[in-house]
Amino acid sequence: MASTIEKIRTFLSESKRVLLVTRKPGMKEFKLAVKITGLGMIIIGLIGMLIRMVGYFITGS
C-alpha cells in the first residue's frame, strides 16, 4: 500500500510530464475551438428553450 507522500510524488511527476507535452494552440486551432464551443452552447440553449416551451404548452403556465 503506497503512502500518501508517494501518491503525491507520483501525481506531481505525471502532472509535470503532461505540462511538458502541452503546447500553445495556433490561431487557426484556437478559432476552431471557439467555433465548436459556441455552436455547442447554441445547441444546448435551443434544446433547453424547446423543453421549456413544451413544458409551458403542457402545463399552460
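Let me start with Phe57, which in this predicted model counts as exposed, because its relative accessible area is 62% and the cut-off for exposed is over 50%. Its partner is Tyr56, which falls into the partly exposed class with a relative accessible area of 46%. The count of aromatic pairs in the model comes to 1, and that pair is made by Tyr56 and Phe57, whose rings meet edge-to-face, with 5.6 Å from centre to centre and 65 degrees between the planes.

Both of these residues also belong to a nonpolar surface patch of about 750 Å², which they form together with Ile42, Leu46, Met49, Leu50 and Met53. If you look for Met49 on your screens, you will find it in helix H2, which covers residues 27-59, and its relative accessible area of 44% places Met49 among the partly exposed residues. Val54 sits in helix H2 as well, and at 47% relative accessibility Val54 is likewise classed as partly exposed.

Now, to the helices themselves. The protein has 2 helices and 0 strands. For H2, the 33 residues should span 48 Å at 1.5 Å a residue, and the end C-alpha atoms are indeed 48 Å apart, so the two values agree. Just after H2 comes Gly60, which takes a positive phi of about 80 degrees.

Helix H1 runs over residues 4-21, which makes 18 residues, and the distance from its first C-alpha to its last is 26 Å, close to the 26 Å expected at 1.5 Å a residue. How many of the 18 residues of H1 are buried? The number is 0, and therefore H1 lies largely in the open. Lys16 can serve as an example from this helix, since at 56% relative accessibility Lys16 counts as exposed.

Let me turn to charge. In general, side chains of opposite charge can pair when their charged atoms come close. This structure holds 1 salt bridge, and the residues that form it are Arg23 and Glu29, with their closest N and O atoms 3.2 Å apart. Arg23 is exposed, at 60% relative accessibility, while Glu29, with a relative accessible area of 40%, is partly exposed.

With those pieces in place, we can step back to the whole chain, beginning with two distances that you may like to trace on the model. Lys16 and Lys28 are 12 residues apart in sequence, and their C-alpha atoms are 27 Å apart in space. Val54 and Ser3, separated by 51 residues in sequence, lie 54 Å apart from C-alpha to C-alpha.

What radius of gyration does the protein have, and what would a compact globule of 61 residues have? The protein has 22 Å, whereas a compact globule of that number of residues would be near 10 Å. Taken along the principal axes, the C-alpha atoms fill a box of roughly 60 × 40 × 10 Å. Buried residues make up 0% of the 61 residues, and the protein exposes about 6200 Å², of which carbon and sulfur atoms supply 73%.

To close, I would come back to the residue where we began: Phe57 is exposed, it pairs edge-to-face with Tyr56, and both contribute to the nonpolar surface patch, in a protein where 0% of the residues are buried.

Notes: Residues are numbered from 1 along each chain as its sequence is written. This is a predicted model: local features need pLDDT of at least 70, side-chain atom pairs count only at pLDDT 80 or more; totals for chains, interfaces and linings use all residues. Side-chain values use heavy atoms; hydrogens and water are left out. Helices (H or I, at least four residues) and strands (E, at least two) are DSSP runs, numbered from the N terminus. The expected span of a helix is 1.5 Å times one less than its number of residues. Buried means under 20% relative accessible area, exposed over 50%, partly exposed in between (1.4 Å probe, protein chains only). Rings of Phe, Tyr and Trp (its six-membered ring) pair if their centres lie within 6.5 Å; planes under 30 degrees apart count as stacked, over 60 as edge-to-face and the rest as tilted. Patches are made of residues with over 30% relative accessible area and no salt bridge: like charges are joined within 9 Å, nonpolar side chains (Val, Leu, Ile, Met, Phe, Trp, Tyr) within 5 Å. Accessible areas come from the Shrake-Rupley method with a 1.4 Å probe; for residues, only the protein chains shown count as cover. A salt bridge is a side-chain nitrogen of Lys or Arg within 4 Å of a carboxyl oxygen of Asp or Glu. The radius of gyration is taken over C-alpha atoms; the globule rule is 2.2 Å times the number of residues to the power 0.38.
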